[in-house]
Amino acid sequence: MSRSQKAAIIVAIDAFLVIAAFVGGNAMLTGSFPTVAILRASTPFLLTMVPAAIAVILYFDLHRMKLNSYELKGVIQTALMASVSGATGMLTSIVIGAGISPQLFVIFSMILLIASASARLVLREIVIRIYRQGKGLKRVLIYGAGRTGQQLAAALVTDIEVSPVAFVDDNPALHGLTISGLKVQSSKSIERLVETHRVDRIVLAMPSASEADKARIARQLSHLACEVHIMPSFAQMVMTDGHATATKPLDFSKLLGRNHLESELPGVSEAYKGKTVLVTGAGGSIGSELCRQIAMCQPRMLIMLDHSELLLYRIHRKLESLHCDAEIRAVLGSVCEPALVRQLFLDHDIDVVLHAAAYKHLPLLETNAVEGMRNNVIGTKVVADAARAHGAERFILISTDKAVRPTSALGVSKRLAEMLVQDLATRSTKTMFSMVRFGNVLGSSGSVIPLFQEQIARGGPVTVTHSDVTRYFMTVSEAVRLVLLAGSFARGGDVFVLDMGEPISIWQLARKMIRNAGFTVRDAANPQGDIEILFTGLRQGEKLREELLIGSDMLTTPHPKILRAQESHLSELEMANVLHELRRLIEDHDEQATIELANRWVETAKSGSGDKMVPATNSEKLLSN
């Protein structure tokens with residue numbers, strides 16, 4: 001049938017239901033079937049009520065609404081149609097003085113609503129069954145009854161190739177509930193559900209779940225004889241141009257073992273197997289993923305150091321749920337405490353140090369530059385000295401692209417930390433010092449994607465500092481994997497730079513996230529759009545474009561996405577003078593002098609004729625030399 005033919009049938013059905021509902025309502029009110037005389041007397045009412053119902057149907061395009069789209073909004077419009085039709089009949093009764101009880105029209109409206117909505121739902125079920133006939137339906141079990149799972153279930157209910165059978169969820173409060181027509185079961189019932197319903201595929205509708213949670217679930221599902229797929233995260237949906245909403249098979253080798261590292265560079269995990277590994281800043285975005293991936297490399301012991309009690313508790317709990325063989329130690333404290341750090345090395349004979357502890361929120365460090373220097377520079381010095389003094393095999397500093405010709409307190413502090421490590425590398429006979437530099441990590445604390453998500457959820461505006469701002473992006477799991485790969489073949493003094501691909505426009509990213517959330521961008525070309533993008537101006541110390549290299553000399557490594565930079569650094573005497581003066585100024589909490597000292601020794605943006613970092617108390621952040 002053509003669309004117009006289908007629409008005409010729907011209108012005819014509703015018109016018939018108006019007549020049937022009026023006759024039925026009269027029968028219910030009187031307790032007997034209407035006589036011919038009563039039916040003849042009903043004609044004036046039907047002549048007004050049927051056109052009124054058809055008018056509402058045409059106004060809301062109820063006759064053109066696809067059956068598989070008929071849900072709450074369609075029911076509300078049907079209710080309005082029934083109410084208008086009933087009100088029209090009541091008004092007709094008053095005008096002609098028929099004296100019919102208003103109860104009849106109330107009953108009529110209720111019957112019409114139920115009959116019209118039911119007719120559409122029955123038609124939808126008939127059509128779906130016709131389309132599904134002869135097709136092998138793929139039975140799907142949805143893991144996760146949250147918002148994403150509910151949206152997935154609603155989409156699959158009317159699908160002609162896929163049939164959802166149930167939800168499973170780890171939240172006990174949801175067990176036994178029925179959501180989107182599916183019962184929520186405990187995750188302990190998965191094996192029984194797969195067997196009972198002959199499930200073909202399990203879909204993890206948990207895009208925001210951590211890698212540790214995914215690994216725990218993967219262990220639970222790995223023995224089942226069915227496919228396991230995962231819904232993409234929001235970050236993946238906005239960063240890819242293909243079929244963003246398609247599920248993808250769960251990579252068990254990535255989540256459950258060290259084969260993922262081994263597939264890229266055989267023998268890499270040997271650098272961590274049986275070792276005692278210390279991760280500083282273990283509760284942060286990078287640190288927690290480092291801990292998870294290292295735990296899969298079968299170390300003898302993994303020591304996690306962080307000054308945040310909550311973050312340390314979370315990563316410790318997640319690693320315990322993985323049931324890995326390594327001994328896990330959670331240590332609460334700061335890298336700026338020399339006694340604590342020395343005791344860690346004395347007690348545990350640490351082999352490998354991954355130093356991820358750092359203050360990294362750019363605007364906060366602009367107004368707290370002294371504390372940024374204390375944590376990012378002095379903290380690095382404390383841990384690096386302890387590693388050298390106790391003969392650790394490797395020390396790997398996690399750095400950032402903001403350290404390249406910096407214009408911010410964050411960038412200057414990280415560049416000083418890099419030069420400190422470079423200096424120690426020239427004087428160390430046993431410990432191999434190296435650093436890995438990369439750009440922004442998708443979804444990490446302080447990154448733009450969580451901020452944009454929050455702003456879009458509030459209805460906007462989405463704030464972008466400048467229309468020309470670009471940034472490098474990489475997923476946290478990929479960045480950490482490359483860090484571990486780089487650390488495994490460090491030779492001492494290496495400055496590893498990760499290939500981040502092409503820089504991405506933050507303005508275009510914001511537009512894409514708004515569209516992928518189902519909204520339109522409000523701008524001059526579309527003044528009636530949903531969400532506006534507001535340009536706020538560059539923040540203090542922020543660049544338009546980040547860089548990954550100070551010089552131009554690059555060497556290849558065994559991995560195509562890891563490069564080795566050739567960069568100069570301060571001499572031993574110069575570094576000693578900088579650190580001595582820096583410690584004194586930090587103890588005096590002299591922000592002005594601290595930043596002036598940093599500017600003297602760090603090559604900032606356009607050094608020699610351009611911009612340097614200045615204190616946040618100044619009226620301008622950038623001053624000419």
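Buried means under 20% relative accessible area, exposed over 50%, and partly exposed in between, with a 1.4 Å probe and protein chains only. By this criterion Cys291 is buried, its relative accessible area being 0%.

The model is predicted, so that local features need pLDDT of at least 70 and side-chain atom pairs count only at pLDDT 80 or more, while totals for chains, interfaces and linings use all residues. Residues are numbered from 1 along each chain as its sequence is written, and side-chain values use heavy atoms, with hydrogens and water left out.

**Overall composition**

The protein holds 22 helices and 25 strands. Helices (H or I, at least four residues) and strands (E, at least two) are DSSP runs, numbered from the N terminus. Of the 625 residues in the protein, 50% are buried. The accessible surface amounts to about 29000 Å², and carbon and sulfur atoms supply 55% of that area; accessible areas come from the Shrake-Rupley method with a 1.4 Å probe, and for residues only the protein chains shown count as cover. Among contacts (heavy atoms within 4.5 Å) with a separation of 6 or more, 73% link residues 24 or more positions apart.

**Nonpolar cores and cysteines**

A nonpolar core is a set of buried Ala, Val, Leu, Ile, Met, Phe, Trp, Tyr and Cys residues joined through side-chain atoms within 4.5 Å. The largest one has 48 residues, of which Leu278, Phe345, Val353, Met373, Phe395 and Leu416 touch the most other members. Helix α16 (residues 369-389) is the greatest contributor to this core, with 9 residues. Another core lies apart from it and comprises 42 residues, including Val277, Leu290, Ile398 and Phe489. In soluble globular proteins, nonpolar side chains tend to be buried together.

Which residues does Leu278 contact, leaving aside its neighbours within four places in sequence? They are Ile303, Leu305, Leu344, Phe345, Ile350, Val352, Val353 and Leu354.

A disulfide is a pair of cysteine sulfur atoms within 2.5 Å, and a search of the whole structure finds 0 of them. Cys297 counts as buried because its relative accessibility is 1%.

**Helices α1, α5 and α20**

Helix α1 covers residues 3-30. The expected span of a helix is 1.5 Å times one less than its number of residues; for the 28 residues of α1 this gives 40 Å, and the end C-alpha atoms are 41 Å apart, which agrees. Gly31 follows α1 and has a positive phi, near 80°.

Leu123 belongs to helix α5 (residues 102-132) and is partly exposed, at 27% relative accessible area. Not counting residues up to four places away in sequence, Leu123 touches Ile10, Ile13 and Leu67. Leu123 and Ile10 are 113 residues apart along the chain, and their C-alpha atoms are separated by 10.0 Å.

Leu509 is located in helix α20 (residues 506-516) and counts as buried because its relative accessibility is 3%. The C-alpha atoms of Leu509 and Thr470, 39 residues apart along the chain, lie 9.6 Å from each other.

**An open parallel sheet**

Two strands pair if DSSP finds at least two bridges between them. Three strands form an open sheet in the order β15-β21-β20, with parallel pairing. The edge strands, β15 (462-464) and β20 (521-522), each pair on one side only. Strand β21 (residues 531-535) runs parallel to β15 and is joined to it by 3 bridges. Within this pairing, Val464 stands opposite Phe535 in β21. Strands of a sheet pair through backbone hydrogen bonds, either parallel or antiparallel.

**Backbone particulars**

Most residues other than glycine have a negative phi, and most peptide bonds are trans. Two residues other than glycine with a positive phi are set out below.

| Residue | Phi | Loop | Relative accessible area |
|---|---|---|---|
| Gln298 | near 60° | between α12 (285-295) and β9 (301-306) | 36%, partly exposed |
| Arg405 | about 45° | between β12 (394-400) and α17 (409-427) | 16%, buried |

Where is Pro461 placed? Pro461 lies in the loop between α18 (448-457) and β15. The peptide bond that joins Gly460 and Pro461 is cis, with omega about 0°.
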